Amino acid sequence: MTKKVLDGVKVVDFSQFIAGPLVTKPLAAFGATVIRIEGKTRLGGYRVLGPFKDNIPGPNRSVSFTPFHSGELSVCINLAKPQGIELAKQIAAWSDIVVENFAGGVMKRLGLGYDELKKLKPDIIMMSSCMMGQTGPHFAHPGTGNQLTALSGFNYITGWPDRPPVEVDSYTDFIAPLYSVVAILAALDYKRREGKGQYIDISQYEAGIQFMAPLVLDYVVNGRIANRMGNRSDYASPHGAYRCSGEDRWCAIAVCSDKEW
């Protein structure tokens with residue numbers, strides 16, 4: 001069997017829903033051993049949300065759960081009990097990487113923060129990915145990608161200028177993991193060279209704002225506030241969905257250069 005680049009790397013995953021699991025899923029795909037920590041009363045979010053195969057609910061029947069957790073193992077631990085915390089510490093001490101996306105400060109209050117885990121394994125790598133990061137006035141604010149997409153401004157610029165903003169769901173959940181995976185790989189490289197671990201604090205809000213960089217710069221430099229523009233584009237013309245002959249038939253056209261025209 002061909003050796004994968006992350007063979008032998010051990011990961012403990014405390015995360016939920018999308019922004020955390022999309023960090024550990026690619027690690028598993030490239031050979032890492034990933035163990036999810038769940039509780040019988042606090043299963044992975046998508047285990048209980050469904051939709052379910054044959055419309056029969058069950059922890060292993062959710063169609064939504066599998067795409068975000070392929071290649072991973074799972075163990076149930078009750079983190080509300082001291083025995084559960086001690087068991088979680090033992091698994092963390094076995095691992096190379098710990099990933100979590102609870103609200104800021106939760107892992108520290110559980111006794112599973114970076115400073116505590118570092119005592120068990122000095123070269124451990126820990127990544128926390130929450131809404132606002134682990135510091136600042138809003139660090140403990142809980143929420144999901146739906147709220148962050150609005151806070152980051154994506155909803156405001158989506159839709160038509162004469163209509164309310166359009167919700168674009170949990171878009172930031174698919175942005176932050178890109179930065180998280182790269183940061184973890186950099187930390188693994190640093191550990192290989194220097195023998196030291198890292199604590200990675202990812203603010204999903206800041207990761208989302210980075211995708212708005214051109215609009216932020218336009219405001220800072222030119223004072224222009226981005227707004228909804230429907231199917232228009234600042235970089236292409238024509239750009240839109242155009243009606244074709246026949247009933248309810250449309251063609252999407254985007255022309256970005258003279259060559260394309």
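This report covers unusual backbone geometry and the two largest pockets in a predicted model.

**Backbone**

Most residues other than glycine have a negative phi, and most peptide bonds are trans. Three sites depart from that pattern. Ser 237 and Pro 238 are joined by a cis peptide bond, with omega about -5°. Pro 238 sits in the loop between α10 (213–222) and β7 (239–243).

Phe 17 is not a glycine, yet its phi is positive, about 60°. The loop between β1 (10–13) and α1 (21–29) holds Phe 17. Its relative accessibility is 33%, so Phe 17 counts as partly exposed. Asp 169 also has a positive phi, near 65°. The loop here runs between α7 (145–151) and α8 (176–194). Asp 169 has 44% relative accessibility and therefore counts as partly exposed.

**Pockets**

| Pocket | Volume | Lining residues | Nonpolar / polar / charged |
|---|---|---|---|
| Largest pocket | about 540 Å³ | 21 residues | twelve / five / four residues |
| Second largest pocket | about 450 Å³ | 27 residues | 13 / eleven / three residues |

In the largest pocket, the lining residues nearest the centre are Ile 157, Leu 215, Met 229, Asp 234 and Tyr 235.

Phe 17 returns in the second largest pocket. There, Gln 16, Phe 17, Asn 101, Gly 143 and Thr 144 lie nearest the centre. At least two lining residues come from each of α2 (45–49), β5 (125–130) and α7. The largest share, four residues, is supplied by α2. Phe 17 thus combines a positive phi with a place among the residues nearest this pocket's centre.

Methods. Residues numbered from 1 in each chain as written. Predicted model: local features only at pLDDT ≥ 70, side-chain atom pairs only at ≥ 80, totals over all residues. Heavy atoms only, no water. Buried < 20%, exposed > 50% of the residue type's maximum accessible area, 1.4 Å probe, protein only. 1 Å grid on protein atoms, 1.4 Å probe; cavity = no way out; pocket = protein on both sides within 12 Å on 5 of 7 lines; lining within 4 Å. Points joined across faces, edges and corners; volume = space filled by probe spheres on them. Nonpolar A, V, L, I, M, F, W, Y, C, P; charged D, E, K, R; others polar.
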